[in-house]
Every structure is written in C-alpha cells, then in structure tokens.
Amino acid sequence: MSGDSNPAATPTPCQDIQGDGRWMSLHNRFVSDSKGKEPDVLFVGDSLIQLLHEFEVWRKLFSPLHALNFGIGGDATQHVLWRLINGELDYISPKVVVLWVGTNNHGQTPEQICGGIMAIINVIHQKLPNSHTLVLGLLPRGKSPNPLRERNASVNALVQAEVASLSHVSFLNMDPGFVHSDGSIAHQDMYDYLHLTPHAYQRVCEPLHEHLKSLLEKHAP
C-alpha cells in the first residue's frame, strides 16, 4: 500500500485547531531537547506515552533506563510519522524505540492504521539502522464492547503478522486483561475508558520494563 492512498501513512503535521501552535512547539522542543541527550530508549506516540511521563512509574522504571519521552496527546500515525521525518530522530541514536500509536486514527481501517505503523517503523529503521523498534499493542477502549475495540484488536493482529519476519522489530501485547468477563472495562483501570490510571500504568509498565531490560542487554555493545 503506498502512502499516497493511505492517510494513516502520509506524513501530516497536526492541524492547529486550537490556534495556540502547541503541537508544533512540542515537536520543536523535542528536536532541540534531543541535542546533547544520549537516550538508550526513546518513547514515541500519543497521550498514552505523553502521560506516562507524569506518573511515578516513569521515574521508577524508565528514567533509570536513560529514556526520552516524545509523546503528544491526540497524535495519530500520520502525525508521529511527520515528527520523526522532521528532526526528532536526527540527533539521537537510542538502542530501542518504543512506539505506541494508532488508537487516535479515527475513521481509518485496521489495514490503513497498520500501514501507518509500518511506515513509522520504516522511517525509524532508515534513520536509526541499529535501533530496535518495540511496537506496543493498542489497548481496548470504551466501557462496553464497541467497534473501536474491534478495530484496535484487528490492528494488533495485522501489525503482529507484519513484524513477525523483521529482526529489528518486535511486538508486545500491553493488555493485562482490562476487559472483564462481562465485556466491561473498569474506571479504576481507565478513568475515561481510554487513558490509564496510575494503578493500570503499573500493571502495563512492569512487563514492558522487563522486556526493555532484556532488549537493552541484547543490544549492549
């Protein structure tokens, strides 16, 4: 699938709907922040990455791994793609790039979203040929079963199949079992049925931390 026909794989800056230029300011800050930093791990994605920075788990688990956080709330795949093409990877060479994006690709099919994620992976690989990309599975969302949950599950299956043969990419399922047997998600886990509570971050980040540690050991010089 070529990027032209797939909006999710076409690098696009985020529209400044609010009019405060915040998205572009954040992007520019990430580019300048990265100069002089030598992160081993780069986290990039949407609000689930951005908010991670504000919780204790970041300081406890990820800061010690020399991690940088380039998350922007509301980002879809095409926005992350634009950011990475336009300077966010130019001054750093992390051993691992953690990518968590796709749940905000509204109105796009699982195939398109998967294409967007693969386009990001390709850019990371072009710019950072020695880095490993860890793609995090999209979480279920919404209090009750809904089409977006099905879409996210389909994206995960497609991405997992796409990256299975790639040595520089791996896929990690992030869902510790947020959906209860009656099909509901508890607000104790996702306070707005999309974003994670501190307790839920702990649940998803402990396995992620273990996984990152083993990837970093593999990529030790």
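Begin by selecting arginine 83, which is buried, with a relative accessible area of 0% (buried means under 20% relative accessible area, exposed over 50%, and partly exposed in between, with a 1.4 Å probe and protein chains only). The model is a predicted one, in which local features need pLDDT of at least 70 and side-chain atom pairs count only at pLDDT 80 or more, whereas totals for chains, interfaces and linings use all residues. Residues are numbered from 1 along each chain as its sequence is written, and side-chain values use heavy atoms, with hydrogens and water left out.

Next, add glutamate 88 to the selection. Its side chain meets that of arginine 83 in a salt bridge of 2.9 Å, N to O (a side-chain nitrogen of Lys or Arg within 4 Å of a carboxyl oxygen of Asp or Glu). Glutamate 88 also counts as buried, at 0% relative accessibility.

Now select helix α4, residues 77–88 (helices are DSSP runs of H or I with at least four residues, strands runs of E with at least two, both numbered from the N terminus). Helix α4 lies across β1 (41–45), β2 and β3 (96–100), where contact means heavy atoms within 4.5 Å. The helix runs at about 135° to β1; axes are lines fitted to C-alpha atoms, for helices over the stretch in contact, and angles run from 0 to 180 degrees between N-to-C directions.

Colour the strands next. An open sheet of 5 strands appears in the order β2-β1-β3-β4-β5, with parallel pairing (two strands pair if DSSP finds at least two bridges between them). Strands β2 (67–71) and β5 (169–172) stand at the edges with a single partner strand each, so one side of each has no neighbour in the sheet. From one strand to the next, the twist averages 20°.

At the β5 edge, select β4, residues 132–136, which pairs with β5 in the parallel sense over 4 bridges. Threonine 133 stands opposite valine 169 in β5.

Move on to helix α3, residues 56–62, which holds both arginine 59 and glutamate 56, 3 residues apart, or about one turn of the helix. Their side chains meet in a salt bridge of 3.1 Å, N to O. Arginine 59 is partly exposed at 48% relative accessible area, and glutamate 56 is partly exposed at 42%.

Finally, select helix α7, residues 198–218, where lysine 213 and glutamate 210 are 3 residues apart, about one helical turn. Salt bridges that share partners join Asp75, Arg83 and Glu88 into one network. Across the whole structure, a search finds 8 salt bridges, including the one between the side chains of lysine 213 and glutamate 210 at 3.6 Å, N to O.
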